[in-house]
Amino acid sequence: MIDFDKKGKVVITCKDRFSPYLEREIIDLGFMPLEVHRTHITLEVSLNDCISLNMHLRTASHVLYEIKSFYLHKADDIYRRVKTIPWEDYINESTYFSVISNVDNPTVDNPLFVNVRIKDAIVDRFREASGIRPDSGSDLEGAVFQMFWKDTQATLYINTSGETLAKHGYRKIPGDAPMLEALASATIYASGWDRQSPFINPMCGSGTLAIEAALMATDRFPGLFRDHYGFMHILGYDQEIYQKIRAKVERKVFVNPSLKIIASDISLQALMFSKENAETAGVADLIDFQQCDFAETEVPEGKEGVLFFNPEYGERLGEENELPETYQRMGDFMKQKCAGYTGFVFTGNLPLSKKIGLRTSQRIEFYNGTIDCRLLKYELFKGKGK
């Protein structure tokens with residue numbers, strides 16, 4: 001059994017280009033990052049701290065607690081090195097476990113081989129000690145161990161998250177080409193929205209952006225929609241501590257009666273999906289859903305809020321030759337109806353974005369899966385902008 005209060009090295013992974021927003025989240029939670037990289041952030045915290053991080057983080061993928069770092073030259077050495085680790089301190093014979101690996105070593109051409117050798121070493125250690133073999137597989141429903149191996153340096157971690165944190169658990173109906181919840185959160189952070197002013201989301205699709213905005217504005221964290229994590233299967237886990245942390249997360253939720261979030265879509269089906277997802281997230285009453293062409297979306301006058309488009313860009317939905325007119329109309333809508341707002345367009349098609357006809361004040365880099373994307377920022381001045 002290991003001490004859940006003992007501090008150790010923790011690596012929090014994220015999608016490429018998310019780390020500036022993940023760093024902000026970590027600091028807001030009272031933790032101090034040690035190193036910040038494009039796809040991960042390191043810090044020194046306890047496993048009980050990992051419970052809190054798992055339940056709060058919106059832009060993270062996994063929270064990894066280091067078991068051991070060691071020299072590993074070639075694939076033939078994996079079994080011997082891993083078997084020496086006291087796995088009985090982490091799980092018992094009845095614990096189901098799985099193994100994930102990320103490998104960059106010339107002696108390995110298939111990471112699955114590494115997974116198998118790690119599993120064999122863990123299982124054989126138990127079998128030789130007690131005659132009982134723990135069950136293992138590829139499902140992330142029990143304890144999860146993860147190896148990162150680059151050149152001759154290998155590190156084994158407890159994956160305290162299990163399933164990825166990038167999916168926040170409320171979206172039961174994804175719709176067509178949905179935006180990953182963690183990506184939606186990261187782009188909203190990047191927009192600089194103050195969580196008080198109006199947030200307008202035309203072309204809302206399955207509603208992810210509007211829902212994430214409502215969750216952020218009322219301090220509803222992803223841990224409220226999930227009740228299973230990898231840390232729950234590690235010896236030393238105290239369910240009472242988890243319940244206390246969860247209760248703290250629940251108490252953070254507050255109501256902002258002046259909050260104005262508008263989500264519109266011309267598709268009735270999309271709006272139905274959005275409403276169902278919002279109901280699951282507990283924020284349906286915080287969002288004004290409107291069925292209309294995006295150009296007819298209500299934009300409260302006399303306000304300075306955020307207008308956020310996530311249109312098709314010819315990669316997965318629609319045909320690119322049908323989209324130039326849509327992008328041009330988006331630009332017209334922002335110019336004619338959104339003075340005083342800050343406009344954002346998230347797109348993976350920069351040539352197409354030129355049809356918007358407005359000058360960007362910022363181009364923020366993101367990936368949507370493997371698609372190189374930009375969050376384009378437009379200052380929509382009242383009267384003649386300087």
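The legends below go with a set of close-up views of one predicted model.

**Figure 1. Helix α2 and helix α7 pack against each other.**
Start with the two helices: α2 covers residues 47-56 and α7 covers residues 239-251. Their axes lie 10 Å apart and make an angle of about 35°. The crossing of α2 past α7 is right-handed. On the α2 side, the residues in contact are N48, I51, S52, M55 and H56, and they meet I241, Y242, I245, R246 and V249 of α7. Sorted by class, this contact has six nonpolar, three polar and one charged residues. As you follow the contact residues along a helix, keep a general rule in mind: an α-helix has 3.6 residues a turn, so residues three or four places apart point the same way.

**Figure 2. Helix α2 is mostly covered.**
Here we stay with α2 and look at its surroundings. How many of the ten residues of α2 are buried? The count is nine. They are L47, N48, C50, I51, S52, L53, N54, M55 and H56. These buried residues pack against several neighbours, namely β1, α1, β3, β4 and α7.

**Figure 3. A closer look at S52 in helix α2.**
Is S52 buried or exposed? S52 counts as buried because its relative accessibility is 15%, and the cut-off for buried is under 20%. S52 is one of the α2 residues that take part in the contact with α7. Along the chain, S52 and R246 are 194 residues apart, but 8.2 Å separates their C-alpha atoms. R246 is among the α7 residues in that helix contact.

**Figure 4. The second largest pocket has a volume of about 340 Å³.**
Sixteen is the number to look for here: the pocket is lined by 16 residues, and those closest to its centre are T13, T39, H40, N102 and F148. Which strands supply at least two lining residues each? They are β1, β3 (40-46), β4 (60-71), β5 (97-104) and β6 (143-150). With four residues, β1 gives the most to the lining. By class, the lining has five nonpolar, eight polar and three charged residues.

**Figure 5. R17 and D219 both have a positive phi, although R17 is not a glycine and neither is D219.**
Most residues other than glycine have a negative phi, which makes this pair a nice thing to look up. R17 has a phi of about 80°, and D219 has one of about 55°. Where does each residue sit? R17 is in the loop between β1 (7-14) and α1 (19-28), while D219 lies in the loop between α6 (208-217) and α7. Their surroundings can be described too: R17 is buried, with a relative accessible area of 14%, whereas D219 counts as partly exposed at 24% relative accessibility.

**Figure 6. Every residue of helix α5 is buried.**
Helix α5 spans residues 181-191, and eleven of its eleven residues are buried. From one end to the other, they are E181, A182, L183, A184, S185, A186, T187, I188, Y189, A190 and S191. Now move just past the helix to G192, which takes a positive phi of about 75°.

**Figure 7. G305 sits in the loop between β10 and β11.**
In this view, β10 covers 287-291 and β11 covers 306-309. G305 is buried, because its relative accessible area is 3% and buried means under 20%. Setting aside residues up to four places away in sequence, G305 touches S197, P198, G340, Y341 and T342. One of these partners, Y341, is 36 residues from G305 along the chain, and the C-alpha atoms of the two are separated by 4.9 Å.

**Figure 8. K337 belongs to helix α9.**
Helix α9 runs over residues 324-337. Is K337 buried or partly exposed? At 36% relative accessibility, K337 counts as partly exposed. Leaving out residues up to four places away in sequence, K337 touches A295, E296, T297 and V299. Take E296 as an example: K337 and E296 are 41 residues apart along the chain, with 9.4 Å between their C-alpha atoms.

How values were computed:
Residues numbered from 1 in each chain as written. Predicted model: local features only at pLDDT ≥ 70, side-chain atom pairs only at ≥ 80, totals over all residues. Heavy atoms only, no water. Axes fitted to C-alpha atoms, helices over the stretch in contact; angles between N-to-C directions. Left-handed = near helix turned anticlockwise from the far one by under 90°. Contact = heavy atoms within 4.5 Å. Nonpolar A, V, L, I, M, F, W, Y, C, P; charged D, E, K, R; others polar. Buried < 20%, exposed > 50% of the residue type's maximum accessible area, 1.4 Å probe, protein only. 1 Å grid on protein atoms, 1.4 Å probe; cavity = no way out; pocket = protein on both sides within 12 Å on 5 of 7 lines; lining within 4 Å. Points joined across faces, edges and corners; volume = space filled by probe spheres on them.
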